[in-house]
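Work through the exercises below with the sequence and the model open. Each task is followed by a solution in steps.

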Amino acid sequence: MKHRGRHRRRRRGRALRATLAGTALALTAAATMISTSQATDADDPGALKPLTAAADTAPLRLTEHAVPGAELDRLSASMGPAVGVGAVLADPDGALEDADDCTDEDRRALPVEPAVTTAYCWPERDTDGWRAGAVTTSGDADEDGRWGAHRVVLSGWTRSSGTPAEQGLARIAFVAADDDRTPRYTWALLAVPVDGGRDFRGLGSDVSGMVWYQDKLLVTASRGEGDALYVYDLDRVQRATVDAGTVGRVPGGWSAAGARYVLPAVASYTTAGADAPRPGGIALDRGSVPHGLVVHEATAPDEEGPTRLWRYAFGPRPGYGPLLRTEPVAVYETELTRVRGVLAHRSDWYVSRATGAPEERGTLWRQDTKGASPVRCGADETYRCWSGPATSLSYWQATGDVWSQSGRMLFALPLAAVDEALER
């Protein structure tokens, strides 16, 4: 089955490249019309600048706040036994659609360069009113790229419409991305225990960053939450028992805003103060020792920059103690603004950037302490080759692929193809 899966991916990659050829030609034509008005997008941001002064590193210090085990046990006792990832995958809500069956409008969210090799779209009926966010995979969770018998993608979404109580709710989809079947997904609401574990509320946050490390899921939180990161235990998934738009304990059981599963937070991290930089996107760096969590700063769309990038080290897991070591081990500054995704591999940092309105394409850069290179495309080698709305980069070490999400498209492409496009 693995061989058939690889052949399917090769055929899908060829079909996707053919589909995107027209888009690339259209971009090339548009690129010839771009004049000096794009100069700010094409400017070389130069090398990453290391920041070592205490004034730069101290605000990034984390403090962990664990939810008491007694509260989690009380919630589980009320809701019923917790389940694991395998049980969630075995109970799907729906299936993704292959890129060939997606609309032209959806496919326009894919990058032009490099060409994607795997892509799916989410059904409109199941994502209407929700905004796509970060992606992480079982390639982060375990070195062999699997969680049990499955290859899994976790896809984050934030409620963008509905009642005031519904807006801002966060959920994830557990996607079974095995080679021999159409990917199927199951929704789970991200929640925070309250009232000593007698109830829960929904996490109110844009899901701009996620990392699945061993049995824990790290999720970024918007400033309104107070905490910078929330931690979820993927062995503590709870079942909702009432199908309603409300969240928490309701007459007759437990509701999760229409989702059939709930993930209650088991811990959170705060930064050093209310004005401290906050994580905007995060990714796992398996190339560092110990493994690291790389972060880009969350900034307002109109902020002039520069933007900070930094790394935390993971603690001595499996075992006891904090998941993350709380002091940043490296801090940098990039001249790039409107950063939407970050990835670190070896000594290189890959940074995706929005360039303007949501319908405009973004740029993708590789930076280190020596310089910077952009992905180029089009007749005049414009830099606007990446997907504008893409908000996350996740490297699957076992396959060499980078996963991301844009609009209703979930897609992957080889990191080697990114490097090739950067070196033209």
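## Exercise 1: The largest pocket

The lining of the largest pocket holds 14 nonpolar, 20 polar and eleven charged residues. The model is a predicted one.

**Task.** Find which residues lie nearest the centre of the largest pocket, and which element gives the most to its lining.

**Solution.**

1. Start with the volume: the largest pocket comes to about 1100 Å³.
2. Its lining is made up of 45 residues, and Arg131, Ala132, Asp206, Arg340 and Thr391 are the ones nearest the centre.
3. Next, list the elements that give two or more residues to this lining: α7 (124-127), β6 (130-137), β7 (152-159), β18, β19 (292-297), β22 (339-345) and β27 (401-406).
4. The element that gives the most is β6, with four residues.

## Exercise 2: An open sheet

**Task.** Give the strand order of the open sheet of five strands, and say how its strands pair.

**Solution.**

1. The order is β1-β21-β20-β19-β18, and the pairing is antiparallel.
2. The edge strands, each pairing on one side only, are β1 (49-50) and β18 (279-285).
3. Take one pair from the interior of the order: β20 (residues 307-313) runs antiparallel to β21 (residues 330-334), with five bridges between them.
4. To place this pair residue by residue, use leucine 309, whose bridge partner in β21 is tyrosine 332.

## Exercise 3: Strand β13 and its partners

**Task.** How many residues of strand β13 are buried, and which way do they point?

**Solution.**

1. Strand β13 covers residues 229-233, and five of its five residues are buried.
2. In a regular strand, side chains alternate between the two faces of the sheet.
3. In β13, Leu229, Val231 and Asp233 point one way, while Tyr230 and Tyr232 point the other way; all are buried.
4. Now look at the strands beside β13. Strand β12 (residues 216-220) is joined to β13 by five bridges, and the two run antiparallel.
5. Within that pairing, aspartate 233 of β13 has lysine 216 opposite it.
6. Strand β17 (residues 261-270) also pairs with β13 in the antiparallel sense, over four bridges.
7. Here tyrosine 232 has alanine 265 of β17 as its bridge partner.

## Exercise 4: Disulfides

**Task.** How many disulfides are found in the whole structure, and what pattern do they follow?

**Solution.**

1. The search finds two disulfides.
2. One joins cysteine 102 to cysteine 121, with an S to S distance of 2.2 Å.
3. Cysteine 102 is in the loop between β4 (97-98) and α6 (104-107), and cysteine 121 is in strand β5 (residues 118-121); the pair links distant parts of the chain, 19 residues apart.
4. The torsion about the S-S bond of cysteine 102 and cysteine 121 is about -100°, so this disulfide is left-handed.
5. Check the burial of both ends against the cut-off, which is under 20% relative accessible area. Cysteine 102 is at 6% and is buried; cysteine 121 is at 1% and is buried too.
6. Another disulfide joins cysteine 377 to cysteine 385, with S to S 2.2 Å.
7. Its torsion about the S-S bond is about -105°, so it is left-handed.
8. By the cut-off in step 5, cysteine 377 counts as buried at 7% relative accessibility, and cysteine 385 counts as buried at 0%.
9. Counting bonded cysteines along the chain, the pattern is 1-2, 3-4.

## Exercise 5: Helix α9 and the second largest cavity

**Task.** Which residues of helix α9 are buried, and which residues line the second largest cavity?

**Solution.**

1. In α9 (residues 415-422), the buried residues are Leu415, Val418, Asp419, Ala421 and Leu422.
2. Seen down the helix axis, the buried residues of α9 fall within an arc of 160°, so they line one face of the helix.
3. The face turned away from the buried side carries Ala416 and Glu420, which are exposed.
4. Turn to the cavities: there are three of 30 Å³ or more. The second largest has a volume of about 40 Å³.
5. Its lining consists of Leu343, Tyr350, Leu364, Trp386, Leu393, Val402, Leu415 and Val418.
6. By class, this lining has eight nonpolar, no polar and no charged residues.
7. Compare the lists in steps 1 and 5: Leu415 and Val418 appear among the buried residues of α9 and in the lining of the second largest cavity.

Conventions
Residues are numbered from 1 along each chain as its sequence is written. This is a predicted model: local features need pLDDT of at least 70, side-chain atom pairs count only at pLDDT 80 or more; totals for chains, interfaces and linings use all residues. Side-chain values use heavy atoms; hydrogens and water are left out. Two strands pair if DSSP finds at least two bridges between them. On a 1 Å grid over the protein atoms alone, a cavity is a set of points where a 1.4 Å probe fits but cannot get out, and a pocket is an open set with protein on both sides within 12 Å along at least five of seven lines; lining residues have an atom within 4 Å of a point. Grid points are joined across faces, edges and corners, and a volume is the space filled by probe spheres set on the points. Ala, Val, Leu, Ile, Met, Phe, Trp, Tyr, Cys and Pro count as nonpolar, Asp, Glu, Lys and Arg as charged, and the others, Gly among them, as polar. Buried means under 20% relative accessible area, exposed over 50%, partly exposed in between (1.4 Å probe, protein chains only). The arc is that of the directions from the helix axis to the C-beta atoms. A disulfide is a pair of cysteine sulfur atoms within 2.5 Å.
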